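Me: I've got a model open and would like to talk it through. Can you take my questions one at a time?

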Amino acid sequence: MSADPQSYRYRRLDSPLGPLILIAQGAFLRAVLWPTQAAALPLSASEAIYGDTLLNVAADELTTYFQGASITFSTPLAPRGTTFQQAVWQQLQRIPYGETRSYKDIAQAVGRPSAIRAVGTAIGKNPISIVIPCHRVIASNGQLAGFAGGLAAKKALLKTEGSWLRIKH
């Protein structure tokens with residue numbers, strides 16, 4: 001008997017930045033959580049069986065990313081959020097590997113140039129960290145700003161992508 005396609009499955013991934021929890025539902029990746037976000041794991045989630053193709057592909061892609069390869073993630077995503085959050089997260093996915101954008105840039109790209117704080121809030125609620133690259137967003141002054149995995153992890157991700165040298169520190 002196969003699992004309910006609507007049930008949540010998760011898999012742990014040991015990354016160079018610490019453990020991550022990958023959450024899938026049906027044919028979609030729903031979240032990549034840092035240890036500090038573990039409380040967001042759905043109560044009904046069950047640990048994925050070894051042969052969970054979706055979670056294995058997502059883990060393989062993240063592992064390749066952590067090895068420093070410029071990668072376009074192919075895992076199907078389905079983050080849950082408001083229409084505004086979805087628009088912000090779509091803009092994040094347009095930021096090329098090795099580049100950064102400011103919160104102001106993202107606000108302008110979604111057609112809400114005065115909504116910089118709202119953009120920051122939407123970015124902070126991004127459930128699929130790294131794959132939806134919220135770490136590529138920095139303050140307008142070139143400084144690092146919030147990140148669910150912590151600023152040290154954000155710095156490490158930007159170093160992996162080669163964009164750290166262009167950031168004020």
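What follows is a run of questions and replies on this predicted model.

Me: Let's start with the layout. In what order do the elements of the protein chain run from the N terminus on?
Reply: The protein chain has five helices and six strands. Going from the N terminus, the order is β-β-β-β-α-α-β-α-α-β-α.

Me: What share of the contacts in the protein chain with a separation of 6 or more comes from residues 24 or more positions apart?
Reply: For background, buried residues make up 44% of the 169 residues in the protein chain. As for the contacts with a separation of 6 or more, the share from residues 24 or more positions apart is 59%.

Me: On to helix 1. What should its 14 residues span, and how far apart are its end C-alpha atoms?
Reply: Helix 1 takes in residues 53–66, and at 1.5 Å a residue its expected span is 20 Å. The model agrees with that, since the end C-alpha atoms of helix 1 are apart by 20 Å.

Me: Which residues of helix 1 are buried, and how wide an arc do they cover around the axis?
Reply: The buried ones are L54, L55, A58, A59, E61, L62, Y65 and F66. They sit on the same side of helix 1, because around the axis they cover an arc of only 165 degrees.

Me: And what covers the buried residues of helix 1?
Reply: Part of the cover comes from strands, including strand 1 (8–15). R9 is found in strand 1, and its C-alpha is 10.0 Å from that of L54, 45 residues away in sequence. The cover of the buried residues of helix 1 includes strand 1, strand 2 (18–25), strand 3 (28–33) and helix 5 (151–161).

Me: R9 is an arginine, so I'd like to check it: buried or exposed?
Reply: The cut-off for buried is under 20% relative accessible area. R9 has 14% relative accessibility, so R9 counts as buried.

Me: What phi does G68 take, just after helix 1?
Reply: G68 comes just after the end of helix 1, and its phi is positive. The value is about 95 degrees.

Me: Where does a residue other than glycine have a positive phi?
Reply: Most residues other than glycine have a negative phi. One with a positive value, near 75 degrees, is I130. The loop that holds this residue runs between helix 4 and strand 6 (137–138). It is buried as well, with a relative accessible area of 1%, and the residue you're after is I130.

Me: Now the helix pair. At what angle do helix 2 and helix 4 pack, and is that roughly parallel or roughly perpendicular?
Reply: Helix 2 (residues 83–92) and helix 4 (residues 116–124) have axes 9 Å apart, at an angle of about 80 degrees. That makes helix 2, relative to helix 4, roughly perpendicular.

Me: Which residues make that contact of helix 2 with helix 4, and how many are nonpolar, polar and charged?
Reply: Helix 2 brings F84, Q85, V88, W89 and L92, while helix 4 brings A118, V119, A122 and I123. By type, the residues of this contact divide into eight nonpolar, one polar and no charged.

Me: Q85 is one of the helix 2 residues there. What is Q85 in contact with, leaving aside its neighbours within four places in sequence?
Reply: Q85 lies in helix 2, and at 14% relative accessibility it counts as buried. Leaving those sequence neighbours aside, its contacts are A122 and K125.

Me: What do the buried residues of helix 2 pack against?
Reply: The buried residues of helix 2 are F84, Q85, V88, W89, Q91 and L92. They fall within an arc of 155 degrees seen down the axis, so they line one face of helix 2. Their packing partners are helix 3, helix 4 and strand 6.

Me: Which exposed residues are on the face of helix 4 turned away from its buried side?
Reply: In helix 4 the buried residues are V119, A122 and I123. They line one face of the helix, because they fall within an arc of 100 degrees seen down its axis. Their cover includes helix 2, helix 3 (103–109) and strand 6. The face turned away from that buried side carries R117 and G124.

Me: What is the relative accessible area of R117?
Reply: R117 has its place in helix 4, with its C-alpha 8.8 Å from that of A107, ten residues away in sequence. R117 is exposed, and its relative accessible area is 78%.

Definitions and conventions:
Residues are numbered from 1 along each chain as its sequence is written. This is a predicted model: local features need pLDDT of at least 70, side-chain atom pairs count only at pLDDT 80 or more; totals for chains, interfaces and linings use all residues. Side-chain values use heavy atoms; hydrogens and water are left out. Helices (H or I, at least four residues) and strands (E, at least two) are DSSP runs, numbered from the N terminus. The expected span of a helix is 1.5 Å times one less than its number of residues. Buried means under 20% relative accessible area, exposed over 50%, partly exposed in between (1.4 Å probe, protein chains only). The arc is that of the directions from the helix axis to the C-beta atoms. Contact means heavy atoms within 4.5 Å. Axes are lines fitted to C-alpha atoms, for helices over the stretch in contact, and angles run from 0 to 180 degrees between N-to-C directions. Angles under 35 degrees count as roughly parallel, over 145 as roughly antiparallel, 65 to 115 as roughly perpendicular and the rest as oblique. Ala, Val, Leu, Ile, Met, Phe, Trp, Tyr, Cys and Pro count as nonpolar, Asp, Glu, Lys and Arg as charged, and the others, Gly among them, as polar.
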